[in-house]
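Have a look at the model below and take a moment to turn it around. We'll walk through it together, one piece at a time.

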Amino acid sequence: MKKTLIALCALAVGGMSLSACGSSEGADDGSITMGFAQVGAESGWRTANTTSIQESAKEAGIDLKFSDAQQKQENQIKSIRSYIQQKVDVIAFSPVVETGWDAVLQEAKRAKIPVVLTDRAVDTEDTSLYVTFIGSDFVEEGEKAGQWLVDNADASDVDKDGAINVVELQGTTGSAPAIDRKKGFEDKISADSKIKITASQTGDFTRDGGKQVMEAFLQSNPKIDVVYAHNDDMGLGAIEAIKAAGKKPGTDIKIITVDAVKDGMTALAAGEINYIVECSPLLGPQLMDVAKKVAAGEEVPDRIVTEETTFTPEQAAEALPDRKY
Ligand code: GZL
Ligand code: ZN
């Protein structure tokens with residue numbers, strides 16, 4: 001039987017199946033089995049987040065089953081259902097969008113499998129559907145970005161026309177970071193009537209998405225002073241488009257992004273980005289700590305906020321050598 005099972009798994013994994021391998025009928029040797037349904041591999045942040053989760057599971061001795069949903073909600077739901085069937089001890093996931101989870105989370109609840117949210121939140125009335133949410137405060141990240149622009153308004157009106165025209169590259173439509181980073185930014189810039197968002201569109205958190213949308217913005221908006229990108233990857237795509245249009249990123253057009261992954265910090269240190277708000281992907285250790293507590297039936301806080309900061313070009317140059325991702 002075992003041999004067949006392994007062969008079957010090898011086949012399944014080869015076929016990039018969503019379900020994970022091995023059975024874990026409530027392993028009674030005290031070890032914990034976790035099913036993790038990841039969003040995808042859309043950005044440098046996501047890759048670092050996946051590494052943190054996989055490495056932390058190994059260090060914690062937790063048996064991790066992992067799936068990549070290619071940013072599709074139906075794939076994440078399929079993965080969660082397969083983890084329920086495999087009777088894992090705990091399910092964790094980063095919901096690609098905020099809504100549409102109640103049914104599958106009810107199924108996990110009926111199966112008495114605790115669910116931990118990481119990175120992104122779900123928008124549900126029934127908070128009994130998950131044990132805790134470990135992740136950043138995205139509204140605060142948007143506020144930090146907006147506050148920087150208010151504090152640096154004059155220098156950001158690069159065409160000196162008295163108006164600061166901002167184009168916004170939004171994250172994945174319907175995702176918590178896209179909704180909240182927009183909200184926080186708009187709250188802060190409302191303090192200065194010179195600052196206006198003249199165009200806003202999703203680049204789906206990818207470099208290519210940011211590049212394509214920025215190309216369109218450059219065609220249709222003669223006056224762009226600032227780009228606000230909801231993540232570094234879309235900001236890096238925008239830099240390619242700005243350069244192709246014969247303009248200097250960071251000088252002719254100011255750029256503000258969120259994440260602070262290595263490629264973003266490198267562009268920041270080079271002055272092609274002007275400000276980055278950090279969003280830490282290193283959620284693995286906290287997730288494994290929560291999983292152990294939950295498995296032991298211990299109380300855990302219902303919200304765990306990750307610590308993060310902001311970077312100017314000078315601070316990026318200083319921080320780069322020690323950055324883990
Ligand atoms: C934020 C995370 C976002 C990152 C993007 O916690 O959900 O998704 O900011 C990533 O880089 O794609
Ligand atoms: Zn201007």
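Let's start on the inside: the structure, which is a predicted model, holds one cavity of 30 Å³ or more. The largest cavity has a volume of about 100 Å³. What lines it? There are 13 lining residues, and the ones that lie nearest the cavity's centre are W45, R46, R120, R181 and F205.

Now step back and see how the chain is divided up. The domain assignment gives two parts, with domain 1 made of 2-136 plus 281-306 and domain 2 running over 138-279. So you can follow domain 1 along its opening stretch, go through domain 2, and then pick domain 1 up again at 281. Taken over C-alpha atoms, the centres of domain 1 and domain 2 are 32 Å apart.

How do the two domains meet? On one side 13 residues of domain 1 make contact, and on the other 17 residues of domain 2 do. Together, domain 1 and domain 2 bury about 1200 Å² between them, and 55% of that is on carbon and sulfur atoms. If you want to know where to look on domain 1, try W45, E98 and S136: this trio supplies 41% of the area that domain 1 buries against domain 2, more than any other three residues. You've already met W45, one of the residues nearest the cavity's centre.

What about polar links across the interface? Seven residue pairs are in polar contact between domain 1 and domain 2, while the count of salt bridges there is zero. As for the side of domain 1 that touches domain 2, its residues split into five nonpolar, four polar and four charged.

Conventions. Residues numbered from 1 in each chain as written. Chains lettered and ligands numbered in written order. Predicted model: local features only at pLDDT ≥ 70, side-chain atom pairs only at ≥ 80, totals over all residues. Heavy atoms only, no water. Contact = heavy atoms within 4.5 Å. Buried area = accessible area lost by both parts, 1.4 Å probe. Salt bridge = Lys/Arg side-chain N within 4 Å of Asp/Glu carboxyl O. Polar contact = N/O pair within 3.5 Å; in protein donor to acceptor, adjacent residues only side chain to side chain. Nonpolar A, V, L, I, M, F, W, Y, C, P; charged D, E, K, R; others polar. 1 Å grid on protein atoms, 1.4 Å probe; cavity = no way out; pocket = protein on both sides within 12 Å on 5 of 7 lines; lining within 4 Å. Points joined across faces, edges and corners; volume = space filled by probe spheres on them.
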